[in-house]
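Visitor: I am new to this structure. Please pick one part, look at it closely, and then place it in its surroundings.

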Amino acid sequence: MYSTTTLAKNPKFTGKYMGTHQQLDQVARKILARHLPHGKYFPSAREIIYFEGARGPDGLKRKSPDDDDPSHMFDDEHADGLVEQIMDHHYNLVQALKKGDKVRAAFEAAWMAHKVTDGLTPAHHFPLSEAKEELMSNKEFVKIFGEPIKGIMHGKSTIETARNNWLYWGVGGYMTKHVGYEYGVMVIAAALPQKAFKPRMGRSEFRHVDAKKTFYETLSRIDVAGMYKRFCQDGWTVELARETKNILLPEIVRTIALMWYSAAEEAYHLHPIRKKNHEQQKH
């Protein structure tokens with residue numbers, strides 16, 4: 001999903017323009033505020049969004065050398081790895097909250113939410129990395145003025161390079177479809193008031209939240225494979241846009257809010273499980 005401004009090398013531009021990730025985080029933080037006990041610190045939306053854009057996972061992908069990059073995909077090959085990243089950020093967020101480390105807490109909250117959003121986004125369930133590996137038959141980067149250029153499918157010849165890049169970047173190419181889907185979601189989110197994709201959540205949901213279980217339960221409620229398959233076949237349709245507005249975006253917000261709360265719940269021992277006394281155990 002788009003966080004925008006990741007192409008800008010100057011970090012002062014990050015956050016100036018709101019991407020989908022930032023909007024979802026803002027809505028989730030408003031929901032969280034209603035359920036956090038008074039006096040319990042959790043990073044504000046502004047603090048969290050600071051670590052999006054060029055300072056977030058998308059920015060890292062632009063800056064990195066493409067060597068052992070943490071995957072943003074949730075296909076068969078990378079699903080376990082992405083969930084592990086999410087839970088690592090969750091653990092680190094708990095520790096930061098316990099220590100009162102506000103900067104680290106904001107960083108971990110932002111990066112966890114970003115990974116959750118990617119994991120629930122239909123376009124991220126297509127094996128894009130696998131397609132890229134197949135098309136990049138020459139594993140060396142194409143260099144311009146000595147600088148390696150990421151994103152160019154380097155073949156074993158000029159003709160093969162041209163062919164591979166058309167299959168990846170051309171009309172109907174793998175990356176073209178991926179970008180087209182995410183751009184459509186961005187347009188839908190930007191065109192709506194945030195309350196339009198704010199889920200209705202009861203107080204009972206914010207009690208003993210299991211972060212990993214929450215992620216997988218949400219995943220089961222979203223037809224990720226079907227949504228992206230329909231997009232690849234028919235492009236953006238009224239039905240798909242409506243499903244994005246009414247199901248996909250609210251479910252992502254719900255999951256972010258619950259997983260943030262899970263970290264706060266663990267850090268602050270908000271709902272300790274009471275041990276049964278000796279008499280109750282007898283019965």
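Guide: What follows is a close look at helix α11 and its partners, and then at some other places in the chain.

The model is predicted: local features need pLDDT of at least 70, side-chain atom pairs count only at pLDDT 80 or more, and totals for chains, interfaces and linings use all residues. Residues are numbered from 1 along each chain as its sequence is written, and side-chain values use heavy atoms, with hydrogens and water left out.

The chain has 12 helices and two strands; these are DSSP runs numbered from the N terminus, a helix being H or I over at least four residues and a strand E over at least two. Their order from the N terminus is α-α-α-α-α-α-β-β-α-α-α-α-α-α. Of the 283 residues, 48% are buried. Buried stands for under 20% relative accessible area, exposed for over 50%, and partly exposed for what lies in between, with a 1.4 Å probe and protein chains only.

Helix α11 covers residues 238-268, and helix α10, covering 224-234, comes before it with a loop in between. Salt bridges are a good way into this part. One is counted when a side-chain nitrogen of Lys or Arg lies within 4 Å of a carboxyl oxygen of Asp or Glu. The structure holds seven of them.

One of these salt bridges joins the side chains of E205 and R254, at 2.9 Å from N to O. E205 sits in the loop between α8 and α9 and R254 in helix α11, so the pair links distant parts of the chain, 49 residues apart. R254 counts as buried because its relative accessibility is 16%, whereas E205, at 27%, is partly exposed.

A further salt bridge runs between E251 and R221, at 3.1 Å from N to O. E251 belongs to helix α11 and R221 to helix α9, so parts 30 residues apart in sequence are tied together by the pair. E251 has 12% relative accessibility and therefore counts as buried, while R221 is partly exposed at 42%.

E243 bridges to R230, with the closest N and O atoms 2.9 Å apart. Here the pair ties helix α11, which holds E243, to helix α10, which holds R230, and the two residues are 13 apart in sequence. E243 is buried at 15% relative accessibility, and R230 is partly exposed at 23%. Salt bridges with shared partners join E205, R221, E251 and R254 into one network.

K245 also has its place in helix α11, and it is partly exposed at 28% relative accessibility. The C-alpha atom of K245 lies 7.6 Å from that of A196, although the two residues are 49 apart in sequence.

Next come the aromatic rings. Rings of Phe, Tyr and Trp (its six-membered ring) pair if their centres lie within 6.5 Å; planes under 30 degrees apart are stacked, over 60 edge-to-face, and the rest tilted. The count of such pairs is 11. One of them, Y181 with W236, has ring centres 5.2 Å apart and planes at 20°, so it is stacked. Y181 is in helix α8 (residues 174-191) and W236 in the loop between α10 and α11, so the pair ties together parts 55 residues apart in sequence. Y181 is buried, with 0% relative accessibility, and W236 is partly exposed, with 29%. Elsewhere, Y50, F51, F107 and W111 form one aromatic cluster.

Helix α9, the helix of R221, spans residues 211-221 and also contains Y216. Y216 is partly exposed at 36%. Between the C-alpha atoms of Y216 and L120 there are 9.3 Å, with their positions 96 residues apart along the chain.

Two surface patches complete the picture. A patch takes residues with over 30% relative accessible area and no salt bridge, joining like charges within 9 Å and nonpolar side chains (Val, Leu, Ile, Met, Phe, Trp, Tyr) within 5 Å. W166, L167 and Y174 make a nonpolar patch of about 310 Å². Y174 is in helix α8 and is partly exposed, at 35% relative accessibility. Positive charge gathers in a surface patch of K30, R34, K198 and R203; for such patches Lys and Arg count as positive and Asp and Glu as negative, without His and the chain ends, and the charge is placed at NZ of Lys, CZ of Arg, CG of Asp or CD of Glu. K30 is part of helix α1, residues 20-33.

Notes. Areas by Shrake-Rupley, 256 points an atom, 1.4 Å probe, with all protein chains shown as cover.
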